[in-house]
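Reader: I'd like a close look at a single part of this protein, and how that part ties in with the rest. Keep it brisk, please.

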Amino acid sequence: MKIGQDLGLSSYEFDFRPMSFNFIQQYVMEEILAEIQSTSPKISLHFQNEQNFMIDNILGSFKESALSPVLVFSDTQSPVYYNSFKTPFYWHYDPQGDVKGVISAKYNEGIILNYQFLEKLHHEGTLHNFMTNFYSGLRGAETKKIGLKIDWDSNLAPSIFDLVDFDFIELPINSKVEVCYRNVDSTKLQKNISILKNLTC
């Protein structure tokens with residue numbers, strides 16, 4: 001976290017998906033939050049097919065905090081489930097989910113698209129049609145933000161950025177920016193962030 005702050009990053013995601021390499025325990029998150037409250041970063045909490053009481057319990061860590069987290073979901077639950085937490089959320093796009101329902105959900109802030117998915121559509125020649133339909137689904141909800149999930153070595157195609165005006169990028173901490181597991185290499189991180197800034201600006 002400190003490395004990210006030194007590099008000027010202001011948004012951080014805590015991953016609570018049990019199968020994720022970046023899975024973090026609640027008490028560890030609470031220790032980190034105690035150290036960073038004064039900097040007022042943007043905090044998101046990532047879940048996948050988690051029980052309601054578990055998410056409510058983790059949200060409880062913020063009751064005495066000045067920080068207001070947003071939720072991130074990468075599953076295909078119902079809009080009723082997402083709204084039940086009464087907390088702003090982002091949803092990782094999945095064609096198997098209730099896309100229209102999620103977009104129109106009361107607490108939905110936006111959709112996150114996976115770069116690999118967009119790249120596949122691009123190679124198939126169907127990306128333009130997909131994005132046309134996607135933006136049509138956002139009519140009446142133009143304030144929704146669109147995020148892009150990529151990896152550090154994604155071969156970003158300029159044509160995709162010509163079609164989509166992304167509001168933010170979501171990146172994982174993994175071996176591409178680590179010295180060893182869960183130990184971030186500040187030099188690698190800074191280098192990769194600089195490269196991505198040049199590619200996306």
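**A close look at F16 and its surroundings**

Author: F16 sits in the loop between strand 1 (11–15) and helix 2 (26–36). The model is a predicted one. Is F16 buried or exposed? F16 counts as buried, because its relative accessibility is 5% and the cut-off for buried is under 20%.

Which residues does F16 touch, beyond four places in sequence? There are contacts with F23, I24, Q25, Q26 and M29. F16 also meets L45, H46, F47, E50 and I58. G101 is another matter: F16 and G101 are 85 residues apart in sequence, and their C-alpha atoms are 24 Å apart in space.

Take L45 next. L45 is in contact with F16, and with M29 and I58 as well. The other contacts of L45 outside its sequence neighbourhood include F14, L59, F62, P69, V70, L71 and V72. L45 and F73 have the most contacts inside the largest nonpolar core, which has 52 residues. Helix 7 (residues 127–137) gives the largest share of this core, four residues. In soluble globular proteins, nonpolar side chains tend to be buried together.

Now H46, another contact of F16. H46 belongs to strand 2 (residues 42–47). H46 is buried, because its relative accessible area is 1%. The side chain of H46 makes a polar contact of 2.9 Å with the side chain of S74. Leaving out neighbours within four places, H46 touches E13, F14, D15, F16 and R17. V72, F73, S74 and H92 are also in contact with H46.

That leads to H92, in strand 4 (residues 89–92). With 8% relative accessibility, H92 counts as buried too. The H92 side chain makes a polar contact with the side chain of E170, at 3.2 Å. H92 also touches H46, V72, F73, S74, I112 and K149.

How are the strands arranged? Seven strands form an open sheet, with parallel pairing, in the order 1-2-3-4-5-6-7. Strand 1 and strand 7 (168–170) are the edge strands, each pairing on one side only. From one strand to the next, the twist averages 25°. Strand 6 (residues 145–149) and strand 7 run parallel and are joined by three bridges. In one of them, L148 has I169 of strand 7 as its bridge partner.

Helix 6 (residues 115–124) lies across strand 5 (108–114) and strand 6. Helix 6 runs at about 60° to strand 5. Which residues of helix 6 are buried? They are Y115, L118 and L121. Seen down the helix axis, the buried residues of helix 6 fall within an arc of 125°, so they line one face. An α-helix has 3.6 residues a turn, so residues three or four places apart point the same way. Q116 and H123, on the other side of helix 6, are exposed. The buried residues of helix 6 pack against strand 5, strand 6, helix 7 and helix 8 (158–163).

What about the ends of helix 6? N114 caps the N-terminal end, with a side-chain oxygen 2.9 Å from the backbone nitrogen of Q116. Just after helix 6, G125 takes a positive phi of about 80°.

To recap the route from F16: F16 touches H46, H46 touches H92, and H92 makes its polar contact with E170.

Methods:
Residues are numbered from 1 along each chain as its sequence is written. This is a predicted model: local features need pLDDT of at least 70, side-chain atom pairs count only at pLDDT 80 or more; totals for chains, interfaces and linings use all residues. Side-chain values use heavy atoms; hydrogens and water are left out. Helices (H or I, at least four residues) and strands (E, at least two) are DSSP runs, numbered from the N terminus. Buried means under 20% relative accessible area, exposed over 50%, partly exposed in between (1.4 Å probe, protein chains only). Contact means heavy atoms within 4.5 Å. Two strands pair if DSSP finds at least two bridges between them. Axes are lines fitted to C-alpha atoms, for helices over the stretch in contact, and angles run from 0 to 180 degrees between N-to-C directions. A nonpolar core is a set of buried Ala, Val, Leu, Ile, Met, Phe, Trp, Tyr and Cys residues joined through side-chain atoms within 4.5 Å. The arc is that of the directions from the helix axis to the C-beta atoms. A polar contact is a pair of N or O atoms within 3.5 Å; within protein, one must be able to donate a hydrogen and the other to accept it, and residues adjacent in sequence count only if both atoms are side-chain atoms.
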